[in-house]
Amino acid sequence: MKIAMITLGCKTNQSDAASLAAELTARGHRVVPSPQAAEVTIIHTCTVTQKTDYQSRQLIRRTATRNPEGQIIVTGCYAQVSPEALQAIAGVNYVIGVAERGRIPELLRSGEKPEGVHILSSPVEKQRAFEEWRLPRYADRTRAFLKVQDGCNSFCSYCIVPYARGRNRSLPLERVVSQARELSAQGYQEVVLTGIHLGTYGEDLLPSQSLLTLLQALEGEKGNFRLRLSSLEPVEFNPPLVAFLARSSMICPHFHIPLQNGDDRILKRMNRNYSAAFFSDLVNGLARSIPRVAIGADVIGGFPGEDESSFQNTLNLIEQLPISYLHVFPFSRRKGTPAAAFPAQVPSPVTRGRCQALRELGEKKRERFYRSCLGQRVKVLVESKRDRESGLLKGFSPNYIPVLLPGGEELMNREVEAEIIEVRDGKVFGKTR
């Protein structure tokens, strides 16, 4: 069958979708780029905010309108927590929860479009074993996401993810090493370790492991690829891990660390387990220990109880820290989370204004970071597609700077040495030797 895949959300969702695509391809199906040409469209949804819920619903409706004869299978986090909302959308054939995604290949064996809508869902919180799928494949053959952990035990007061993904569970260490080795053999130059709560890797295994022991094992492989880490929580940067990151020759000096708020009172209401001072010490320490490090941060605007003073504390903290960029989110009331019922909800216009101020600060930080790298020589992993606007080659440095370069196709999927020569209109330009 011709199958299209549409994926919203995080790198973990992208890894799940790529693994499913690899499994379907191995069973003789063909993955096509357009839902309009597909017999089946599989939509991996996200539910982290109300906006992503809306985007998921719009994607489903658009797909059903453009290809009314095709099947639509909806899976992912939104399908897990709100299957009834998706069941009600015309054109949907299956709504499949996170714990049931492994059944999708079998559902497609007959090739027939089912009558009505079918919900396949079970409580994901009961799942304790890491569900290992076929190793993912990615079309550009430059960077691969490798999911090594799933679930979260933290239950921040605003977050729906533990209810959508279940409890912390990890892929055994030897399997991670084996899969990383296989991805390298397939030609991927960069492997991104992903997870819902990556820093808790190995805590559920017997015997228990840690992210540090995993990284040490991967470094010992001396593979022909570089490693990038997805988001890590502040308290998970313990001194042994930081010391290892500082001396590693394989791990990219780029860390995404959720801040969420810079006011201690709000952090406590969020059920975050650190203070603004702790976060400040961590970021400054990383900047001192790791040359040219890029540090990104998540931040939420308009959390219940956030007044002008607490918001200003957030702005002041970010301004004074060597943060390279921000991901800004407006607070989203997620049914079933404690924060949805908190008093002192911030009016939407105020939230929008605060998020706009944070985004503007984030752009200033990004520009400042890019300009601090002018004249530096960096290794750029060139991707397999050119920049659409300029026609130049594009790729990322280890510290996550997107660099545009002149050159021919022979440089694609290669790491080349380049000098950063210009920052213009938010873009970074370089030249090769």
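Two strands count as paired if DSSP finds at least two bridges between them. In this predicted model, strand β17 (residues 402-405) and strand β19 (residues 427-432) are joined by two bridges and run parallel. Within that pair, Val403 has Val428 of β19 as its bridge partner.

**The barrel**

Strands β17 and β19 belong to a barrel that five strands close in the order β15-β16-β17-β19-β18, with mixed pairing. From one strand to the next, the twist averages 55 degrees.

**The open sheet β12-β13-β14**

Three strands form an open sheet in the order β12-β13-β14, and their pairing is parallel. The edges are taken by β12 (254-256) and β14; each has a single partner strand, so one side of each is left without a neighbour in the sheet. On average, and with direction ignored, neighbouring strands of this sheet are turned by 15 degrees against each other.

The pairing of β12 with β13 is parallel and runs over three bridges. Here Phe255 stands opposite Ile295 of β13. On the other pairing, six bridges join β13 to β14, again in a parallel arrangement, and Gly296 stands opposite Tyr325 in β14.

Strand β13 is mostly covered, with eight of its eight residues buried. In a regular strand the side chains alternate between the two faces of the sheet. In β13, Ala294, Gly296, Asp298 and Ile300 point one way, while Ile295, Ala297, Val299 and Gly301 point the other way, and all are buried.

**Strand β3 and its partners**

Strand β3 (residues 40-45) is also described as mostly covered: six of its six residues are buried. On one side these are Val40, Ile42 and His44, and on the other Thr41, Ile43 and Thr45, so that both faces of the strand are covered. Strand β1 (residues 2-7) pairs with β3 in the parallel sense over five bridges, and Ile3 has Val40 as its bridge partner in β3. Strand β4 (residues 71-76) is joined to β3 by six bridges, and the two run parallel. In this pair Ile42 stands opposite Ile73 of β4.

The strand pairs described above are listed here with their bridges and one facing pair of residues for each.

| Strand pair | Bridges and direction | Facing residues |
|---|---|---|
| β17 and β19 | two bridges, parallel | Val403 and Val428 |
| β12 and β13 | three bridges, parallel | Phe255 and Ile295 |
| β13 and β14 | six bridges, parallel | Gly296 and Tyr325 |
| β1 and β3 | five bridges, parallel | Ile3 and Val40 |
| β3 and β4 | six bridges, parallel | Ile42 and Ile73 |

**Helix α13**

Helix α13 (residues 348-372) has 25 residues, which at 1.5 Å a residue should span 36 Å; the end C-alpha atoms are 36 Å apart, so the two values agree. The buried residues in α13 are Thr351, Arg354, Cys355, Leu358, Leu361, Gly362, Lys365, Phe369 and Tyr370. An α-helix has 3.6 residues a turn, so residues three or four places apart point the same way. The buried residues of α13 pack against β13 (294-301), α12 (308-320), β14 (325-330), β17, β18 (415-424) and β19. The helix therefore has packing partners among the strands of the open sheet and among those of the barrel.

**Helices α7 and α8**

Two packed helices are described by the angle between their axes and the distance between the axes. The axes of helix α7 (residues 173-185) and helix α8 (residues 211-221) come within 10 Å and cross at roughly 35 degrees. This crossing of α7 and α8 is right-handed. From α7, Leu173, Val176, Val177, Ala180 and Arg181 meet Thr213, Leu214, Ala217, Leu218 and Glu221 of α8. By type, the residues of this contact divide into seven nonpolar, one polar and two charged.

**Two serines**

Ser280 is found in helix α11 (residues 276-289). With a relative accessible area of 12%, Ser280 is buried, because buried means under 20%. Leaving aside neighbours within four places in sequence, Ser280 is in contact with Leu317, Gln320 and Leu321.

Ser154 lies in the loop between β8 (149-150) and α6 (161-165). Its relative accessibility is 33%, so Ser154 counts as partly exposed. Not counting residues up to four places away in sequence, Ser154 touches His197 and Asn271. The C-alpha atoms of Ser154 and Asn168 are separated by 9.2 Å, the two residues being 14 residues apart along the chain.

Conventions: Residues numbered from 1 in each chain as written. Predicted model: local features only at pLDDT ≥ 70, side-chain atom pairs only at ≥ 80, totals over all residues. Heavy atoms only, no water. Helix = DSSP H or I, 4+ residues; strand = E, 2+ residues; numbered from the N terminus. Buried < 20%, exposed > 50% of the residue type's maximum accessible area, 1.4 Å probe, protein only. Contact = heavy atoms within 4.5 Å. Axes fitted to C-alpha atoms, helices over the stretch in contact; angles between N-to-C directions. Left-handed = near helix turned anticlockwise from the far one by under 90°. Nonpolar A, V, L, I, M, F, W, Y, C, P; charged D, E, K, R; others polar. Expected span 1.5 Å × (residues − 1).
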